[in-house]
Amino acid sequence: MSNDVPAKVAQLRQQLNDWSYRYYVLDDPAVPDAEYDRLYRQLFELEQSHPELISADSPTQRVGDRPLAHFDQVQHEVAMLSLDNAFNDEDLIGFDRRIRDRLKADADNVAYVAEPKLDGLAVSLLYQNGQLVRGATRGDGQTGEDISANVRTIRSIPLTLRGDNIPSLIEIRGEVVMPHEGFAALNKRQEESGAKIFANPRNAAAGSLRQLDTRITAQRPLEFYAYSVAQLEGVDMPETHYELLELVRSLGVRVNAEVRVCSGVDELLSFYQSILSRRDQLGYDIDGVVYKVNNLIWQNTLGFVSKAPRWAIAHKFPAQEEITVLRDVEWQVGRTGALTPVARLEPVSVGGVTVSNATLHNMDEIQRLDLRIGDSVVIYRAGDVIPKVVRVVTERRSTAVSDIVMPTSCPVCGSEIFLAEGEAIARCTGGLICAAQQKEAIKHFASRKAMDIDGLGDKLVEVFVDQKLIATMADLFSLRSEQIAGLERMGEKSAANLIESLQKSRKTTLQRFLFSLGIREVGEATALALSKHFGSVQAVMDASEEALLAVPDVGPVVASYIRHFFMQSHNLEVIQALRDAGVTWEEFDPAEASEPQPLTGQTWVLTGSLSVLTRDKAKEYLLALGAKVAGSVSAKTTQVVAGDAAGSKLEKATKLGVSVMDEAAFIDKLKELGITLDEG
Ligand code: 5U1
């Protein structure tokens, strides 16, 4: 049996590498992450019991187990160049004219490859006989730093090239970036742990790549996109840059999906406009587009001038950082009482959007920036990332600046502000007597994934609290139509509708109810885990920290937040008041509910638009029946429910032979499994 181990290890590595390729290069995940993780674990365990089988190219060998002492220097065999810039259409027209003049091209239209210019860090990857042997930074273009250990942690960089046309040597160059989503999550984690907040994704990517401890780099959401080949041996050099990128892609290295061949200046300009209009949706920062002459012989003919090639140019986008003046700092109180300083700015256009507010995170960040009211500051804004103050332009500081002082009492309710030892975030101690916390707590309570009170938007909650019609969520259920009809944007009909949806929302589930209470760090998934584990609100209320720690998804911090929440008498009063107001949910005894549910072990995917059920309701029913609900279709999917206008997921299900049902069949199935559909 043990003879099969090497074969099994090889097969697992092959499978994991194939899935990574599908995920990163083809952008077409083959299996859910959990399945990847399961096989990874199998491989890891096999390698642990057979250490002689561990090899550097194994997917388990991406992260080192001790920090490096320093980075070695690397001499680039081929210099890493920079690019000339075009700041407007005229610059670009001039670039194209110079190229046609030099090439004496009779053709009017030179073919170019147009690519987004990613705003990250240029990196060189050297592969010998298909193995990644070196990763290096650009440095000064001639000498960079050896960051091999760091680049190995980036999952979109293969440790081994794919296919059977592997070059004996290839040096691939490209950009390492941190996508917006990962950047926001990283800064949130940094903020919560009191660590340094990164000014923008480029700085975060640079800081992560220059970590001597690769275990830290491995936790940073870095991605790689290839854009050129500096050395190639052992396979024929293609004729065009585009074919070169295709070769790179065929070797399993990701190339940006936006790359296009364009002919002549007009096509270049429309590419520029198209990318610019989608800039905020790409998910990572770009600072322009790059155009390169496609024909590699022509590139050679054109050559270089000083440190930049004549055959390429970067057409710059409006900057994502601008300077403005900090007019004031206001302190916002959130749902959990956290005090967040918000910069009120002299309005400034950043990347085409007017910015007048920016987050300052916390007092530590204000001190780190050495910020004063009246300072000139650099603002960064991109995508969905909330604009932020990057730094102070100290050279412009006048004598008229004033210090920023954290309030000692809550700006909303006047209660004391408390800053726990070692914490960066100060909090109002007013709890539900603080209108800011009341409002935020009620908005959360009413939201779609919580109690789903149709027609009760954020604005209306603010009006109800300001008019002193309600102070807690329980008060919502004593509202009468005549009290609210006539309020701002509230006619008799909408008032009656709202009362009706309040009435309907009284019947809920234990998971929704627990989620709706707004306990710190108790999101949908934790609420579901709590409800499955305890079966009743009382059992959650009575649970010790130790008992809470037995719930999957609950760690010591969350457990302490849950305990703290149920120790506050005002919270217990609100829960009782909600029960008294007729809010109900089904409870069960977990000891009797250990048998598997009808869909345990199955993975379902919902796609297209459903007309009878909402997507959330459908998901809730499936979870209640024990199924997992996934976002993408793979060979592991048990069942796809396809609503109207279902697109690529339906196509994929058909291709993979996964069973598909329409909404009517789905509803029949739910009924058959004992689900009573909620009305509406
Ligand atoms: N997309 C892209 N970015 N970028 C940066 N292509 C590209 N090419 C570059 C640079 C510095 O240099 C070429 C000279 C290969």
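Colleague: At roughly what angle do the axes of helix α3 and helix α9 cross?

Modeller: First off, this is a predicted model: local features need pLDDT of at least 70, side-chain atom pairs count only at pLDDT 80 or more, and totals for chains, interfaces and linings use all residues. Residues are numbered from 1 along each chain as its sequence is written, and side-chain values use heavy atoms, leaving out hydrogens and water. Helices here are DSSP runs (H or I, at least four residues; strands are E, at least two), and axes are lines fitted to C-alpha atoms, with angles from 0 to 180 degrees between N-to-C directions. The axes of α3 (residues 89-103) and α9 (residues 264-277) come within 10 Å and cross at roughly 140°.

Colleague: Is α3 oblique or roughly antiparallel to α9?

Modeller: Under 35 degrees is roughly parallel, over 145 roughly antiparallel, 65 to 115 roughly perpendicular, and the rest oblique. With the crossing at roughly 140°, α3 therefore counts, relative to α9, as oblique.

Colleague: Which residues around the ligand make polar contacts through their side chains?

Modeller: A polar contact is a pair of N or O atoms within 3.5 Å. P116 uses a polar backbone atom, 3.1 Å from a ligand nitrogen. On the side-chain side, ligand nitrogen distances of 2.8 Å turn up for E115 and K292.

Colleague: How much of the ligand's area does the protein bury?

Modeller: Areas come from the Shrake-Rupley method with a 1.4 Å probe. Taken alone, the ligand exposes 380 Å², and the buried share is 87%.

Colleague: Which strands each supply at least two residues of the shell around the ligand?

Modeller: Shell residues have a heavy atom within 4 Å of the ligand; among them are E115, P116, Y227, S228, V290 and K292. The strands asked for are β3 (111-118), β8 (223-233) and β10 (286-293).

Methods: Polar contact = N/O pair within 3.5 Å; in protein donor to acceptor, adjacent residues only side chain to side chain.
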